[in-house]
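Trainee: Could you talk me through a helix and the turns around it? I'd like to see how the backbone and the burial fit together.

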Amino acid sequence: MLEDHSAELIITLLGFLGGVILGFAARTAQFCTLGAIEECYYGSERTRLRTWLLAIGVAVALTQFLHIAGLVDLSRSFRLGSQIPWFGAIFGGVLFGFGMALVGTCAFGMLVRLGGGDMRALISTLTVGIVGFMTMSGIFARWRLEYVDSIAIELPPLSRQGLNDLLFGPSLQGRILVTVAVVLATAGWALSRRRYRRNIVQVLAGIAIGATIAWGWFITSTFGQDQFYPHQPESYSFVRPIGQALLWLMTASGSSASFLIGGVFGVPAGAFLAAWRKGEVHWEAFDDAREMRRHLAGSALMGAGGIMALGCTIGQGMTGIAALSLTSFIALAGIVIGALIGIRYLVEGHIPDLCRLVSRLFPPRES
């Protein structure tokens, strides 16, 4: 029995190992996408943003290097298909971002908090998984297929939606040029400040998270060649896999584990190690019914939005961008906009004007 499922077991354990690294690094460095957005919006601190962009830059650089070296075949990933589901990326991204603001973190952040004993994160994680699965293949699936997924741009046959392919065609020079540009705009900017470079914890966390995303692409590409256990190249994401993990827990004898399911369990394990090391493991619960309603609403929005956007802050914000997917850039923009709307809604009690949101992110320089 073990031999029959050896490939499945190995790839699940490797996914778990990468999840442990992600969880440990995120908990140690307090890595949080929403936190980075809040810091930029309400203050001048950019440490979390720099770590987030450093992770993206490292993920892009290593993933593209692996592809060029022939160790990863990104063309086999659904993230580089010939269809650009722009509406789902925007609409789902905004829903996800708004829900993220209501909860106070993203789906990945929930798993990190869970590792420290946060029972609010447990309830929110379960909600994300259930609503996400309902949107993917349950009672909301037909609505999603008819009114969301159907609105997309069809590229010519054999075309890919990678930024390099759209700008320069399938050329090595174009891929290298776009890769260098994205890495300089992310990791280059992140490391441009000396004070940040001296923050060893943040720098190492950004490198570890980005490298783990590339690790995911490499492992799933390698095991994807196994004819007995075919696996589409992919890396970490935390909306659909949470639902799949819940389903696997309930029907393990009739379903298979996977790299992404391993990652779902690995993240809280790694976060627990980091929290235990710092003496931060303690039980937390909802303060009152109002907080619970907010978390349930926010996590439900993240579950539905993450499926429509084909990923979360990690799935689209890092894994997809590492593949240079245009849809991932669109979805990430939607997530940021939704988060900004949600932050303003919580603080001021109303939905703000989009132009004012953007102006707050880019204030005029003082002369």
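**A helix and its flanking loops**

Mentor: Sure, and keep in mind that this is a predicted model. The buried residues of α15 are G315, Q316, G317, M318, T319, G320, I321 and A322.

Trainee: How many residues of α15 are buried?

Mentor: Buried here means under 20% relative accessible area. The rest of the structure largely encloses α15, because the buried count is eight of the eight residues.

Trainee: Which helices do the buried residues of α15 pack against?

Mentor: Start from the buried residues of α15, including M318 and I321. Their packing partners are α3 (47-68), α11 (200-223) and α16.

Trainee: What is the phi of L324, just after α15?

Mentor: L324 sits in the loop between α15 and α16 (326-348). Most residues other than glycine have a negative phi. L324 is not a glycine, yet its phi is positive, at about 65 degrees.

Trainee: Is L324 buried or exposed?

Mentor: The cut-off for buried is under 20% relative accessible area. L324 has a relative accessibility of 0%, so L324 counts as buried.

Trainee: Where does L310 lie?

Mentor: L310 is a residue other than glycine with a positive phi, near 65 degrees. As for its place in the chain, L310 is in the loop between α14 (289-308) and α15 (315-322).

Trainee: And why is L310 called partly exposed?

Mentor: Partly exposed covers the range between the buried cut-off, under 20%, and the exposed one, over 50%. L310 is partly exposed because its relative accessible area is 37%.

Conventions:
Residues numbered from 1 in each chain as written. Predicted model: local features only at pLDDT ≥ 70, side-chain atom pairs only at ≥ 80, totals over all residues. Heavy atoms only, no water. Helix = DSSP H or I, 4+ residues; strand = E, 2+ residues; numbered from the N terminus. Buried < 20%, exposed > 50% of the residue type's maximum accessible area, 1.4 Å probe, protein only. Contact = heavy atoms within 4.5 Å.
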